[in-house]
Amino acid sequence: MEKVLDVENVSISFIQYTQGLNQRELKVITDLTLDVSEGEILAVLGSSGSGKSLLAHAIFGILPENANLNGKISYKGKELSQEDKEELRGKEIALIPQSVNFLDPLMKISDQAIGHIDSKEEKAEKKIKQREIFEHYNLGPDVDEMYPFQLSGGMARRVLVSTALLSDPKLVVADEPTPGLDEKTVEETLNHFRHMKEDGVGVLLITHDIHAALEVADRIGIFYSGYVIEIAKAEDFSGDGENLLHPYTKSLYK
Ligand code: ADP
Ligand code: MG
């Protein structure tokens with residue numbers, strides 16, 4: 001299976017100003033290496049503030065301007081420049097963002113992903129495809145005319161997932177897709193990832209829910225304090241976590 005993501009020795013840091021002009025480097029991610037193949041789900045777990053969203057944003061080329069990124073991020077074996085990321089973004093590489101705030105609050109749902117397309121024919125084509133995907137994700141025609149603030153939590157999730165899939169991506173980076181959802185909606189969301197996997201899509205699933213990860217992931221990586229402290233097949237994390245070494249990993253099972 002071809003690799004759709006290679007993250008090699010990636011570090012992300014910020015310069016912080018302390019007392020006047022004194023500077024210090026805040027390292028959020030240190031020397032991170034991981035990969036995702038076609039049809040594989042790699043779940044990455046870590047506590048809040050451990051740099052999970054930064055990793056997602058680094059792959060997508062949307063890091064904040066004051067972030068320093070070192071190391072290599074490749075798609076299908078080719079190292080990505082910032083321009084490449086902008087080219088692939090929203091096409092072969094899709095992000096399911098952590099927050100609904102990624103949707104434009106002043107734009108109707110039906111226009112979010114296709115409003116910017118100039119060509120009338122292309123727009124009409126995409127609109128049909130969007131409706132099909134929306135139907136598949138149980139979003140009826142009413143949703144087209146809604147604005148983001150009118151969506152329920154579950155609907156918003158389904159809009160974010162369907163919008164990401166509109167471009168037939170080969171790599172999907174999902175940033176905490178399940179928190180705050182009821183059990184049924186979590187199960188539904190996890191099913192979406194199972195389907196992506198069946199379609200040969202590689203998924204980097206960022207979550208802090210070990211149970212969700214155990215349900216769908218092929219491999220699991222644990223982030224702690226900027227480092228990946230364990231990465232292994234999902235089976236190795238099953239049970240109650242008793243055989244795991246790191247106290248942080250053990251704590252995830254509570
Ligand atoms: P996670 O998604 O794992 O909760 P994030 O990737 O959002 O964590 O952020 C990790 C850390 O990076 C934050 O706790 C913060 O210290 C730092 N950080 C994020 N964005 C910035 C920024 N623009 N400037 C300075 N530090 C930042
Ligand atoms: Mg985050």
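**Helix α6, the ligand shell and Gly51**

Just after helix α6 comes Gly200, a residue with a positive phi, near 85°. The model described here is a predicted one, and helix α6 makes a good place to start reading it. Spanning residues 183-198, α6 has 16 residues and reaches 23 Å from its first C-alpha to its last, close to the 22 Å expected at 1.5 Å a residue.

The two sides of this helix are worth viewing in turn. Val186, Thr189, Leu190, His192, Phe193 and Met196 are the buried residues of α6. Seen down the helix axis, these buried residues fall within an arc of 140°, so they line one face of α6. Their packing partners are two helices, α5 (153-165) and α7 (210-216), together with the strands β3 (41-46), β7 (171-175) and β8 (202-207). On the other side of α6, the exposed residues are Glu183, Lys184, Asn191, His195 and Glu198.

Strand β3 also leads towards a second region of interest, since the loop between β3 and α1 holds Gly51. Gly51 has 23 C-beta neighbours inside 10 Å and therefore counts as buried, the threshold being 20 or more. Beyond its neighbours within four places in sequence, Gly51 is in contact with Ile12, Val28, Ile29, Phe223 and Gly226. Between Gly51 and Thr30, the C-alpha to C-alpha distance is 9.8 Å, with 21 residues separating the two in sequence.

Gly51 belongs as well to the residues around ligand 1, which also include Gly46, Ser48, Gly49, Ser50, Lys52, Ser53 and Leu54. Further along the chain, Pro64 and Asn66 are part of this shell, as are Phe14 and Val28. Val28 thus appears both around ligand 1 and among the contacts of Gly51. With three residues, helix α1 (residues 52-60) gives the most to the shell around ligand 1. By residue class, that shell comprises seven polar residues, four nonpolar and one charged.

Turning to the protein as a whole, its secondary structure comes to eight helices and 10 strands. The C-alpha atoms fill a box of roughly 50 × 50 × 35 Å along the principal axes. A compact globule of 254 residues would have a radius of gyration near 18 Å, and the 19 Å of the protein agrees with this. Of the 254 residues, 36% are buried. Among contacts between residues at least 6 apart in sequence, 68% join residues at least 24 apart.

Terms used. Residues are numbered from 1 along each chain as its sequence is written. Chains are lettered from A and ligands numbered from 1 in the order in which they are written. This is a predicted model: local features need pLDDT of at least 70, side-chain atom pairs count only at pLDDT 80 or more; totals for chains, interfaces and linings use all residues. Helices (H or I, at least four residues) and strands (E, at least two) are DSSP runs, numbered from the N terminus. The expected span of a helix is 1.5 Å times one less than its number of residues. A residue is buried if 20 or more other C-beta atoms lie within 10 Å of its own, exposed if 12 or fewer, and partly exposed in between; C-beta atoms are placed from the backbone. The arc is that of the directions from the helix axis to the C-beta atoms. Two residues are in contact if their C-beta atoms, placed from the backbone, lie within 7 Å. The radius of gyration is taken over C-alpha atoms; the globule rule is 2.2 Å times the number of residues to the power 0.38. A residue is near a molecule or strand if its C-beta atom, placed from the backbone, lies within 6 Å of it. Ala, Val, Leu, Ile, Met, Phe, Trp, Tyr, Cys and Pro count as nonpolar, Asp, Glu, Lys and Arg as charged, and the others, Gly among them, as polar.
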